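This report looks at the pockets, metal sites and selected buried residues of one structure. The sequence and the model are shown first, and the description follows.

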Amino acid sequence: MYRTCQNCKTSFEITDDDQQFYTKISVPPPTHCPDCRQQRRYAWRNERTLYRRKCDLCGKSTVTIYSQNKPYEVYCPPCWWGDGWDAKEFGRDFDFTRPFFEQFKELQLQTPRIALLTKNSVRSDYTNHSNNNKDCFMGFGVFDSENVLYATNVYGGARDTMEVYRTHNGNDLLYECVDATKCYNCQYGYLLRDCSDCFYCYDCRGSSKCFLSSNLRNKQYYFLNQAYSKEEYEKKVKEFRLGSYAEREKLYNQYLDLIQTKALHQFALIEKSVNVLGNVIVNSKNGKHVFDASDLEDSKYTIVCPDVKSSMDAYHFGFRCELIYESHALIHCYDVKFSHLSYDNSHLEYCDSCHNSENLFGCVSIKQGKYAILNKQYDVETFIELKKKIIEHMKTTGE
Ligand SMILES: [Zn+2]
Ligand SMILES: [Zn+2]
C-alpha cells in the first residue's frame, strides 16, 4: 500500500510486514513518510547543548538541557530522583471535551522535569542520556563507565578513556578512537576490534603493537603495514616524539592519508549479520533501514539501537528493548510507544521522563508508577476502560 506523506507530500510504502507490526501493537498506519517521522523525532533530543539554571526545588545551580527561558519546572538530578516530591501530585482527570495533546502539554509544563537524563551515576554532573557512571565528564550516551571524558555512545563500559565515539563491550585506556570494541591502550584508532597498543591504525582486528597500519588481522609489530621484529618495531616507534604537539599533528595527517588513500574499505560496515539494510550493523538479523545497530532483530527505521528486538521508528534506545514504536531515549523497556527519556519500563504510551514504571498513559516524570493516566493512578479495570475511551476520543479528534 502507498500513502502520501501529510508533511512533504511524497509517496511512501507501507508493506504487509509493516501493517502486521501496526496491527500487533494496535496503532493505525503512519501518516508521515519515514524521513519526516525521523525529523519529528529528532526535535525531541537536545543531547549536548547544556546550560546553567537554578533547581526549582533546592535553588542550587545545576547543569541542564533547558535554558533559563524555557517554561518548564526543572529539578537537579538529586532532587528529581529524591523522595521530596511526587509527580502523582500533579495528576488530573481526563477531560473528554478537549483534545488529549492539549492536556498532556499542560501536564508537561507543570510537572517538574529532570535537568539532565542521568541515572545511578556519581560525580558525573556533565553527562546526559547516560547511566551507571562514575567520575565521567562531558559524556553523552555513556553507560557503565568510569573515568571517561569527552565521549559519545560508550556501550558496555569503558575506563580511563578520553575523546571516543561509539565503543562497545569494555575498553580501557583509549584516546581519540572511533568504533572500538574490547580494546586496550590504543590511540587514534578507527574500527578496532580486540586490539591493544595500536597507534594510528584503521580497521584492525586481534592485533597488538601496530603503528600507522590498516586492515590487519591478528598481527603484531607492524609499522606502515610491514612486519618487524620486536626490537626493530620498538626502535621505529621510539623515533617519534609522541609528547610533541607538532609531531602528533604530522602523525595525524599521515593517519588521515592512510585511511583515505591506502586502506581498504567495506561498502558498508556490516559484520556478522544477516538480512540487514543500513550501515554500522553488527551481530544483527532482519533489520531494514537501521544504523548504528548491534544485537538487533526484526526492526525497521531505527538509529543507535544496541540490543533491540521487534521495534520500529525509534532512535537512541536499547539495552534490552522490545516492541518499541515512535520513541526516543529508552533503556530496558518493553512495549513502549510514543514516549521518551524513560528507562526501565513496560507498557507505556505517550510518556515523558518516566522510570521503573508499568502501564502508564500520558504521564510525565513518574517514578515507580502503575496504572496511571495523566499522572493519576487508577485500579486496573478503570485504567483499561479509561485508556480505551481516550484512544477512541483521540481518533475522533484526529490525534
Ligand atoms: Zn514526508
Ligand atoms: Zn535540587
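## The largest pocket

The largest pocket has a volume of about 1200 Å³, in what is a predicted model. Its lining comprises 39 residues, of which F101, F338, Y350, M394 and E399 are the closest to the centre of the pocket. Two or more residues of this lining come from each of the elements α2, α4 (100–110), β23, β24 (340–349) and α7 (380–396), and the element that gives the most is β23, with seven residues.

Sorted by class, the residues lining the largest pocket are 16 nonpolar, eleven polar and twelve charged.

## Enclosed cavities

Across the whole structure, the search finds three cavities of 30 Å³ or more. The largest cavity has a volume of about 120 Å³, and among the 15 residues that line it, those closest to its centre are F143, Y155, H316, F317 and I331.

Strands β21, β22 and β23 each supply at least two residues to the lining of the largest cavity. β23 is thus named both for this lining and for the lining of the largest pocket. The classes represented around the largest cavity are ten nonpolar, four polar and one charged.

## The first zinc site

The zinc ion (ligand 1) has as its protein donors the SG atoms of C5, C8, C33 and C36, which lie 2.3 Å from the ion. Along the chain, these donors follow the spacing C-x2-C-x24-C-x2-C. The arrangement is tetrahedral because the four donor atoms around the zinc ion (ligand 1) subtend angles of 105 to 116°, and four donors count as tetrahedral if all angles lie between 85 and 135 degrees. For reference, the ideal angle for four tetrahedral donors is 109.5 degrees.

Two of the donor residues can be described by their accessibility: C5 counts as buried because its relative accessibility is 1%, whereas C8, at 35% relative accessibility, counts as partly exposed.

## The second zinc site

The zinc ion (ligand 2) is coordinated through the SG atoms of C55, C58, C76 and C79, at 2.2 to 2.4 Å. The spacing of these donors along the chain is C-x2-C-x17-C-x2-C, and the site of the zinc ion (ligand 2) is tetrahedral, with angles of 103 to 118° among its four donor atoms.

With a relative accessible area of 3%, C55 is buried, while C58 has a relative accessibility of 35% and therefore counts as partly exposed.

## Helix α2 and its cover

In helix α2, which spans residues 34–42, the buried residues are P34, C36, R37, Q38 and R41. One of these, C36, is also a donor of the zinc ion (ligand 1) through its SG atom. The cover over the buried residues of α2 includes β2 (11–13), α1 (16–24), β21 (285–309), β22 (312–318) and β23 (321–337). Helix α2 is also among the elements that give two or more residues to the lining of the largest pocket.

## The surroundings of C204

C204 is placed in strand β15, which covers residues 196–205, and it counts as buried because its relative accessible area is 0%. Setting aside neighbours within four places in sequence, C204 is in contact with L191, L192, R193, C195, S213, S214, N215, L216 and R217. C204 and G189 are separated by 15 residues in sequence, and their C-alpha atoms are 8.8 Å apart in space.

Note on methods. Residues are numbered from 1 along each chain as its sequence is written. Chains are lettered from A and ligands numbered from 1 in the order in which they are written. This is a predicted model: local features need pLDDT of at least 70, side-chain atom pairs count only at pLDDT 80 or more; totals for chains, interfaces and linings use all residues. Side-chain values use heavy atoms; hydrogens and water are left out. Donors are N, O and S atoms within 2.8 Å of the metal (3.2 Å for Na, K and Ca); water is not among the atoms, so sites may look incomplete. Four donors count as tetrahedral if all angles lie between 85 and 135 degrees; four count as square planar and six as octahedral if opposite donors are over 155 degrees apart and all others between 65 and 115; anything else is irregular. Buried means under 20% relative accessible area, exposed over 50%, partly exposed in between (1.4 Å probe, protein chains only). Helices (H or I, at least four residues) and strands (E, at least two) are DSSP runs, numbered from the N terminus. Contact means heavy atoms within 4.5 Å. On a 1 Å grid over the protein atoms alone, a cavity is a set of points where a 1.4 Å probe fits but cannot get out, and a pocket is an open set with protein on both sides within 12 Å along at least five of seven lines; lining residues have an atom within 4 Å of a point. Grid points are joined across faces, edges and corners, and a volume is the space filled by probe spheres set on the points. Ala, Val, Leu, Ile, Met, Phe, Trp, Tyr, Cys and Pro count as nonpolar, Asp, Glu, Lys and Arg as charged, and the others, Gly among them, as polar.
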